[in-house]
Amino acid sequence: MLAVEGLVRKFGGLTALDGASFAVAPGRITGLIGPNGAGKTTLFNCVSGLLPPSSGRARFDGIDLSGMAPHEVAALGMVRTFQLARGFPRMSVFDHLLLYGRRQPGEGLMQALLPGAMARRRESELVDTAWRVAKRLKLEHVADHLVTQISGGQKKLLEIGRALLAEPRMILLDEPMAGVNPSLRQEIAGHLAQLRDEGLTILLIEHDMPLVRTLCDEVIVMAEGRFLTRGSFEAIALDVRVQDAYLGKRH
Ligand SMILES: Nc1ncnc2c1ncn2[C@@H]1O[C@H](COP(=O)(O)OP(=O)(O)O)[C@@H](O)[C@H]1O
Ligand SMILES: [Mg+2]
C-alpha cells in the first residue's frame, strides 16, 4: 500500500534518511522501530508531504507522492496524527473533531460551490462521522467536555480521532501512546487492533517493545536512516544486527 523508495533527507551536513526503502502491506499493523535518531519521524514527515525528501520517493497505492502537500496525500487516503497543541482554544471534544473534519481537503472550495441544501447535507454527514468516530473511540461520554478537561489517554484518542475524520485507508502513528499509563496504553492498543480488523492499514512508530510484540503483525527496523530488516517481533528480537543497532556498534 505504501512503498518507500530510496528516501534521502539531509539537514545541512546531517543525513537523517540515507536511502530508506521498504513497502507496507495493506490491512495490517506494521511496527516501525529503531534507535533514537534512526530517521523514523523524518520518514513520516517525508511520506506525508510535510517535508520534501532530498531524493527518492514514496508511493501510495502506486501513486507517486513527490511534490504533494499533506492535504493532497490525505485526500488519497493516508493521514498522520499530530499532537494536540498546547493552549488550544477552549473547545469541546466534539467541536474539535468537527473542526478537523471541516478542514478536509478541498472543503472550502466545495462548500463555496455547493448549493445550500447540499452544503447542509455535507455538514450533517460530517456530524454523523464525528459521532461515529467519537463512539468507536469511547469518547462520546466526554464529547461535550473541554479538550483541556479530558485525561491524557483521552487526548491521545482524540489525536487518533481527528485523523479518522478524514476516513483514511492508512494512518501513520508516531508514538501514539507516549506518556500514557499502561492500562490506557492497552486500551488504545485495543482500538488500534479493532481498526486494523476493520481494514485500516496502520504504520506505527512505538518504543514499548511488549506492546509492539502483541500489537504488530510485522516489524520493520530502521537504523542510521536506512532499512535494516523486517519480520515477526520474535525474529527481529533475535537478530544480532538489530541488537547491535540498539546497543551501538561493536568495535
Ligand atoms: N528539522 C530538523 N533539523 C535538523 N535535524 C533534524 C531535524 N529533524 C530531525 N533531525 C535529525 O535527523 C535525525 C533523525 O531524526 P528523527 O527522524 O527524529 O529520528 P527518530 O524519529 O528515529 O528518533 C536525528 O539526528 C535528528 O536530530
Ligand atoms: Mg521520532
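Here are some questions and answers on how the labels for this predicted model are earned.

Q: What makes F11, L14 and A16 count as residues around ligand 1?
A: The cut-off is a heavy atom within 4 Å of the molecule. The residues around ligand 1 are F11, L14, A16, P35, N36, G37, A38, G39, K40, T41 and T42.

Q: How do you know that ligand 1 has a polar partner in the side chain of K40?
A: Look at the distance: an oxygen atom of ligand 1 sits 2.7 Å from an N or O atom in the K40 side chain. A polar contact needs a pair of N or O atoms within 3.5 Å, so this pair makes the cut. The T41 side chain offers an N or O atom at 2.9 Å from an oxygen of the ligand. With G37 the partner is a polar backbone atom, 2.8 Å from a ligand oxygen. As for cover, ligand 1 exposes 560 Å² when taken alone, and the protein buries 57% of that.

Q: Which elements give two or more residues to the shell around ligand 1, and which gives the most?
A: Strand 2 (14–24) and helix 1 (40–47) each give two or more. Helix 1 gives the most, with 3 residues. Sorted by class, the shell has 5 nonpolar, 5 polar and 1 charged residues.

Q: Why is A16 called buried?
A: Buried means under 20% relative accessible area. A16 comes in at 8%, so the label is buried. A16 belongs to strand 2, and its C-alpha atom is 5.4 Å from that of G225, although the two are 209 residues apart along the chain.

Q: What makes E5 and R57 a salt bridge?
A: The rule asks for a side-chain nitrogen of Lys or Arg within 4 Å of a carboxyl oxygen of Asp or Glu. The closest N and O atoms of E5 and R57 are 3.4 Å apart, and the pair is listed as a salt bridge. E5 lies in strand 1 (residues 2–11) and R57 in strand 4 (residues 55–60), so this pair ties together parts that are 52 residues apart in sequence. By the rule, the model has 16 salt bridges.

Q: How do you know that E5, R57, R59 and D64 are linked in a network?
A: Follow the pairs. R59 forms a salt bridge with E5, with closest N and O atoms 3.0 Å apart. That pair links R59 in strand 4 with E5 in strand 1, 54 residues away. R57 forms a salt bridge with D64 at 2.9 Å, and E5 pairs with R57. Put together, E5, R57, R59 and D64 are linked in a network of salt bridges.

Q: Why are E5, R57, R59 and D64 called partly exposed?
A: Under 20% would be buried and over 50% exposed, with partly exposed in between. E5 has a relative accessible area of 30%, so it is partly exposed. R57 gets the same label at 33%. R59 lands at 26% and also counts as partly exposed. D64 is at 27%, which puts it in that class too.

Q: What keeps R80 from having a salt bridge?
A: Check the distance against the 4 Å limit. The nearest side chain of opposite charge, D174, is 4.2 Å away, and R80 is buried yet has no salt bridge. As a general point, side chains of opposite charge can pair when their charged atoms come close. R80 does have a polar contact of 2.3 Å with the side chain of N45. You'll find R80 in strand 6 (residues 78–80).

Q: Why is K138 called exposed?
A: Exposed means over 50% relative accessible area. K138 has 57%, so it counts as exposed. K138 is in the loop between helix 5 (116–136) and helix 6 (152–164). Its phi is near 55°, a positive value in a residue other than glycine.

Q: Why is E175 called partly exposed?
A: The class runs between the 20% and 50% cut-offs. E175 is at 26% relative accessibility, so partly exposed is the label. E175 is found in the loop between strand 7 (170–174) and helix 7 (182–197). The phi of E175 is near 50°, again a positive value in a residue other than glycine.

Key
Residues numbered from 1 in each chain as written. Chains lettered and ligands numbered in written order. Predicted model: local features only at pLDDT ≥ 70, side-chain atom pairs only at ≥ 80, totals over all residues. Heavy atoms only, no water. Polar contact = N/O pair within 3.5 Å; in protein donor to acceptor, adjacent residues only side chain to side chain. Areas by Shrake-Rupley, 256 points an atom, 1.4 Å probe, with all protein chains shown as cover. Helix = DSSP H or I, 4+ residues; strand = E, 2+ residues; numbered from the N terminus. Nonpolar A, V, L, I, M, F, W, Y, C, P; charged D, E, K, R; others polar. Buried < 20%, exposed > 50% of the residue type's maximum accessible area, 1.4 Å probe, protein only. Lys, Arg positive; Asp, Glu negative; His and termini not counted.
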